[in-house]
Amino acid sequence: MLIKSFVTKRKFSDLKDVFPRKLSRLSTLCSSSSTIPKSPCPPRDDVAVIAELIEKQHWSNLKLHVKDTNPNELFHQLISSKLDPELCLRYYIWLANNRNISLSLELTFNLLHSLANKRSDHPIHSIFHAISLCDNVCVNSILADMLVLAYANNSRFASALEAFKRAGYYAFKLSALSCKALMVALLNEKRFADVEFVYKEMVRRRIQPNVFTFNVVINSFCKIGKMEKAKDVMEDMKVYGTSPNVVSYNTLIDGYCKLGGIGKMYKADAVLKEMVESKVSPNLTTFNILIDGFWKDGNYSGSMKVFKEMLEQDVKPNVVTYNSLINGLCSGGKVSEATCMHDEMVSAGVEPNLVTHNSLINGFCKNGMMKEALDMFESLKGRGIVLTAKTYNILIDAYCKSGKVEDGFGLKEEMEREGIVANVETYNCLIGGLCRNGSMEAAKKLFDQLSGKALPDLVTYHILMDGYCSRGETRKAAMLLKEGISKMGLKPRHLTYNILMEGYCKEGNLKGAANVRMQMEKERRLRMNVASYNVLLQGYSQKGKMEDANRLLNEMLEKGLIPNRITYEIVKAEMVDKGFVPDIQGHLFNVSTKS
DNA sequence: TTAGGGTTAG
């Protein structure tokens, strides 16, 4: 399919059909240097001559020079001779404008791919300027669209977004396919606000979204817990005459499952009902999401109910299903049942994978069954199964948590002998072990050794800070954080400041804790969350300052924060006074308000 | 094309 056919028809509806097939194929090929079969190259000096003519814009000379050459072939040669892609673009536009020649889609894609990969100061600006020189809006739109797609598929989300914005300024119409690719790239980078921006822009620019586009937007809202907005998008779909499909519903159900708070599974279940009412059948993924959601909500019998339901509906469980069930059992301390589930999975013909084994090893470790964990570990090695750092980290952490830090180091050496690189997580486990043993000097020494492939991350800082705090050296922890921010560009989170506040509270230094709060709210513009309030409430109540604690509790409620079980345990009398009561499962309810 | 599972901080 040639660009020319789009140009003559001027029908964008055609793009919708052609782009997905053509471009997705091309974009997978675009990582290799060229998709065009090799043809004899012109002499180097000839390319140089042509390049000079383009650069100096001696178009009439150029016209004479290339009059006997096939334009597609010549263009391919220019592109593969590593000529500046912006010169190639200039030539491309000249062909389109002055000679009415449109090059093949594949060559166009190659050009845009080179442009998208070129790193210079104002590439997108200049590319759009060059594109706009051509007065055919239809061609321009296709070029802009391919550019956005090329950037997005190359994970260059910032450039893709800029190209998307510029396309808007120039009123070039983009396809839903490229917008979806852009939103996926943004989602992968956790740029949720940008996904929303692109979605709103699509509506404004009247780009007809499809079910895939909507699903990406729904996913984006679900990932940040904005469930109301996710549901609004489901409604938008209907307005556009598109019906939510099984992926839309699964995404929404998963969003509720991962939401946290009371009644989330009830809401997930409600979506399931709505899904069935809309005649969309739940599939394997739906059941897997629910099984995982229930046990993470502490409701293993809920998981089993879903499992039975899926068997009744003749949906075959896969390795993910069994892994979730095994995890649920292990986390509830039912390790022998987890082992049975493993056997059941094998007899059902589902092959356990490394996740299954890691889950079981972790289950053994967390339930004081170190021997069983090591037996399974050895049997995996004996069967020639390739282990990863994760398996080793589980065991190293178990050793460190049981005070056997030396054995942890032994295992680290073993993994390195096996050619598996110890990563930050490995070091985090070991540093944590040393801190718990009270060997702060050794912990700091190991921390200082981190460099190159295993740089300390925020977790490493948290562990070491926690170590200092629990020894009454919160000032040292604060200094460490300060250093981390300036040297490593560390981005502290709530937990970071909560560790410091807790440290000061334990030392009885409430003023120090209050200063950390100020720092948190000022420097990072982080608002106090429930965990932060819990830390301060603990500090005040331990000092017997119940009036202050009560004031803090009121402040928290005024902000609309919902106290949790920990809050209840710290300031029970005050909470009861405000009408809070826990139910049998420990969820809090406020009997004095209707909500 | 879009959705689901395991370790480390708390």
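Q: Which side chain meets Glu 378 in a salt bridge in this predicted model?
A: A salt bridge is a side-chain nitrogen of Lys or Arg within 4 Å of a carboxyl oxygen of Asp or Glu. Side chains of opposite charge can pair when their charged atoms come close. Here the N to O value is 3.5 Å, and the partner of Glu 378 is Lys 381.

Q: About how many helical turns separate Glu 378 and Lys 381?
A: Helices are DSSP runs (H or I, at least four residues; for strands, E, at least two), numbered from the N terminus. Glu 378 and Lys 381 are three residues apart in helix H22 (residues 370-382), so the separation is about one helical turn.

Q: Is Lys 381 buried, partly exposed or exposed?
A: Buried means under 20% relative accessible area and exposed over 50%, with partly exposed in between (1.4 Å probe, protein chains only). Glu 378 is partly exposed at 43%. Lys 381 has a relative accessibility of 25%, so the class is partly exposed.

Q: What rules govern numbering and which atoms and residues count?
A: Residues are numbered from 1 along each chain as its sequence is written, while chains are lettered from A and ligands numbered from 1 in the order in which they are written. This is a predicted model in which local features need pLDDT of at least 70, side-chain atom pairs count only at pLDDT 80 or more, and totals for chains, interfaces and linings use all residues, and side-chain values use heavy atoms, with hydrogens and water left out.

Q: Is Asp 292, the salt-bridge partner of Lys 296, buried or exposed?
A: The closest N and O atoms of Lys 296 and Asp 292 are 2.8 Å apart. Both residues lie in helix H17 (residues 284-296), four residues apart. Asp 292 has 18% relative accessibility and therefore counts as buried.

Q: How many salt bridges does the count come to?
A: One of them joins Glu 162 and Arg 166 at 3.2 Å, N to O. Salt bridges also link Arg 517, Glu 521, Glu 555 and Lys 559 in a network. The count comes to 27.

Q: How many aromatic pairs are there?
A: Rings of Phe, Tyr and Trp (its six-membered ring) pair if their centres lie within 6.5 Å; planes under 30 degrees apart count as stacked, over 60 as edge-to-face and the rest as tilted. Ring pairs link Trp 59, Phe 75, Tyr 91, Tyr 92 and Trp 94 into a cluster. The count of pairs is 13.
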